[in-house]
Amino acid sequence: MNIAAIITLGVAPAPAAEDTDCACHNRDGVKVPVGQTSCLTVGNRSFTARCAWSQNLLTWRKLHDGCLSSQTQAPPAHQG
């Protein structure tokens, strides 16, 4: 075994993606499980992101600009 392999084996692996207690939270406080996507808005820009591990922390990973219409905000309530 070479030194690089020994160093790599010494790093603790990230928790499994299927761990149901692990989730990212959006601004509304909605939990999004690891591996799932959500529409996020920062400032006036919306984008689709996936909840993912980075080292041993959960983070949002941007997938692409914009969101599917089903992920955007609900239409305003009818006033009348």
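The predictor's confidence in each residue is given as pLDDT, on a scale from 0 to 100. For the protein chain of this predicted model, the mean pLDDT comes to 74, with 60% of the residues reaching 70 or more. Residues 1-14 fall below 50 in pLDDT, and beyond near neighbours in sequence this stretch has 4 contacts in the model, a contact being heavy atoms within 4.5 Å. Residues 71-77 are also below 50, with 5 contacts beyond near neighbours in sequence. Since this is a predicted model, local features need pLDDT of at least 70 and side-chain atom pairs count only at pLDDT 80 or more, while totals for chains, interfaces and linings use all residues. Residues are numbered from 1 along each chain as its sequence is written, and side-chain values use heavy atoms, with hydrogens and water left out.

Turning to the interior, the largest nonpolar core is made up of 5 residues, namely Cys22, Cys24, Val32, Val34 and Cys51. Such a core is a set of buried Ala, Val, Leu, Ile, Met, Phe, Trp, Tyr and Cys residues joined through side-chain atoms within 4.5 Å; buried means under 20% relative accessible area, exposed over 50%, and partly exposed in between (1.4 Å probe, protein chains only). Leaving aside residues up to four places away in sequence, Val32 touches Ala23, Cys24, Thr37, Ser38, Cys51 and Trp60.

Then there is Ser46, which lies in strand 4 (strands are DSSP runs of E, at least two residues, and are numbered from the N terminus). Ser46 is partly exposed, at a relative accessible area of 33%. Its C-alpha is 6.6 Å from that of Cys67, although the two are 21 residues apart in sequence. Cys67 is also among the residues that Ser46 touches, along with Cys39, Leu40, Thr41, Asp65 and Gly66, again not counting residues up to four places away in sequence.

Strand 4 (45-54) is linked to strand 5 (57-65) by a loop that holds Gln55. Gln55 is not a glycine, yet has a positive phi of about 60 degrees. Gln55 is also exposed, with a relative accessible area of 71%.

As for charges, the count comes to 1 salt bridge, defined as a side-chain nitrogen of Lys or Arg within 4 Å of a carboxyl oxygen of Asp or Glu. Asp65 forms a salt bridge with Lys62, and the closest N and O atoms are 2.5 Å apart. Both Asp65 and Lys62 are exposed. The charged end of Lys62 also sits over the ring of Phe47, 5.7 Å from its centre; the rule asks for NZ of Lys or CZ of Arg within 6 Å of the ring centre and within 35 degrees of the ring normal.

Technical notes: Helix = DSSP H or I, 4+ residues; strand = E, 2+ residues; numbered from the N terminus.
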